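Please open the model in your viewer and keep the sequence beside it, since this tour moves from one selection to the next and says what is to be found at each stop.

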Amino acid sequence: MGLFGKGTLASILQRIFGKKHAKIGIYGPPNVGKTTLANRILRDWTGDIMGSVSEIPHETRRAKWKRNVKVENGGSSLLMDIVDTPGIATKVDFKDFMNTWGLTRDEAKRRAKEATEGVIESIKWLEDIDGVLLVMDSTQDPFTQVNVTILGNLEARNLPVLIAANKIDMEESSPATLKSAFPQHPVIPISALTGYNADNLYTTMVNHFSKKRKKKRR
Amino acid sequence: MTKKDNGISFNLVSRQKLDELTSSEKLQFILKEVKKGKILVLEHGLTPMEQTNLIENTMKEIEHDTFIGVEMEGLGQDKPSFIQKILGVAKKPRVTLIGPANLLKTICKDSDMIQTRIIPGRGAK
């Protein structure tokens, strides 16, 4: 036990200056690994999972959330409500589900309809979160309009953003490209699938999302 | 841009025209034109909040066989000056290209150039 009784200096400072509880949204385009990352976080800290994953885009079509996920970093910690949101897209074509993924016409139309509703729900959640874990595919071009739009929106709201450069287990990944594309935000290379570098992500999440900020509401 | 039997045309929308519209009117105008199969080049782009609202409105308008959404690409925002930052003046977006997703496809984009392709034979009906 130290000078300040229970807890480290870091945890005491966090209690004084920082947040202890934050609602964190996992955002990004379809198929970048949002639910895989949500499952990784929950498995590591609660032993639970968030939802099913699939190679077919728009697998998550309703937002799912898990309350009171305590992520620890040495002497400090952050209690988070994790919200796994449907992928945001500017277009949804049911024919893609038929031609690329072999769904029947009815299945494809139903999935497309639910996907559009999911995008709307994701956008509505932006009003109600304290920070965003923005997942990007490090094997893809980062300058997509969806990435740029989400980031611009979050910056306008002054919400803290942490970019997870996912899929670094793949040979063609280039997290350095993401870092140079968005130097104004912390970028953490990670493989949500294998868990590689997850500890670094958790450390950064606790530090970054604990900071007090004045949220702008639009 | 509209592709009909007699060719293709682009619509360049001036900053002045856009400035005359409220955000809501601007989004209505854009979506209405894009649903007709037109490709718009906005001299003065949309703010991030307007872009998000456009995505939301687009999702509400999607119809399986006639409108699958939009392709939208814009060049980055102008950096605000020191004085603008102090005064809290919002960053101004630059030129933006918006069209129907079944007609327009982005090939690549960086901070200085947007490269797109028209998908042959899929113009406005």
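Begin by colouring the strands of chain A, where 6 strands form an open sheet in the order S2-S3-S1-S4-S5-S6 with mixed pairing; strands here are DSSP runs of E of at least two residues, helices are runs of H or I of at least four residues, and both are numbered from the N terminus. Two strands are taken to pair if DSSP finds at least two bridges between them. At the edges are strand S2 (64–73) and strand S6 (187–189) of chain A, each of which pairs on one side only. From one strand to the next the twist averages 30 degrees, with axes being lines fitted to C-alpha atoms, for helices over the stretch in contact, and angles running from 0 to 180 degrees between N-to-C directions.

Before going further, note that this is a predicted model, in which local features need pLDDT of at least 70 and side-chain atom pairs count only at pLDDT 80 or more, while totals for chains, interfaces and linings use all residues. Residues are numbered from 1 along each chain as its sequence is written, and chains are lettered from A and ligands numbered from 1 in the order in which they are written.

Next select S1(A) together with strand S3 (residues 76–84) of chain A: the two run parallel and are joined by 6 bridges. Within this pair, A:Ile24 has A:Ile82 of S3(A) as its bridge partner.

Now add helix H5(A), which packs on the sheet by touching S1, S4 and S5 of chain A, and whose direction makes about 165 degrees with that of S4(A); two residues are in contact if their C-beta atoms, placed from the backbone, lie within 7 Å. Which residues of H5(A) are buried? They are A:Gln145, A:Val146, A:Asn147, A:Val148, A:Thr149, A:Ile150, A:Leu151, A:Gly152, A:Asn153 and A:Leu154, where buried means that 20 or more other C-beta atoms lie within 10 Å of a residue's own, exposed means 12 or fewer, and partly exposed is in between. Because 10 of the 13 residues of H5(A) are buried, the helix is largely enclosed by the rest of the structure. The cover over these buried residues includes strand S1 (21–27), S4 and strand S5 (161–166) of chain A, together with helix H3 (48–61) and strand S5 (70–74) of chain B. Just after H5(A), look for A:Asn158, which takes a positive phi of about 60 degrees.

From the helix, step to A:Val132 in strand S4 (residues 131–137) of chain A, which counts as buried because it has 27 C-beta neighbours inside 10 Å. Leaving aside residues up to four places away in sequence, A:Val132 touches A:Gly25, A:Tyr27, A:Leu154, A:Leu159 and A:Val161. A:Leu154 is 22 residues from A:Val132 in sequence, and their C-alpha atoms are 8.1 Å apart in space.

Turn then to the contact between the chains, which takes 20 residues from chain A and 21 residues from chain B. On the side of chain A that touches chain B, H4(A) gives the most, with 6 residues.

Finish in chain B, which has 4 helices and 8 strands, and select B:Asn53 in its helix H3. Is B:Asn53 buried or partly exposed? With 19 other C-beta atoms within 10 Å, B:Asn53 is partly exposed. The C-alpha atoms of B:Asn53 and B:Ser24 are separated by 8.9 Å, although the two residues are 29 residues apart along the chain.
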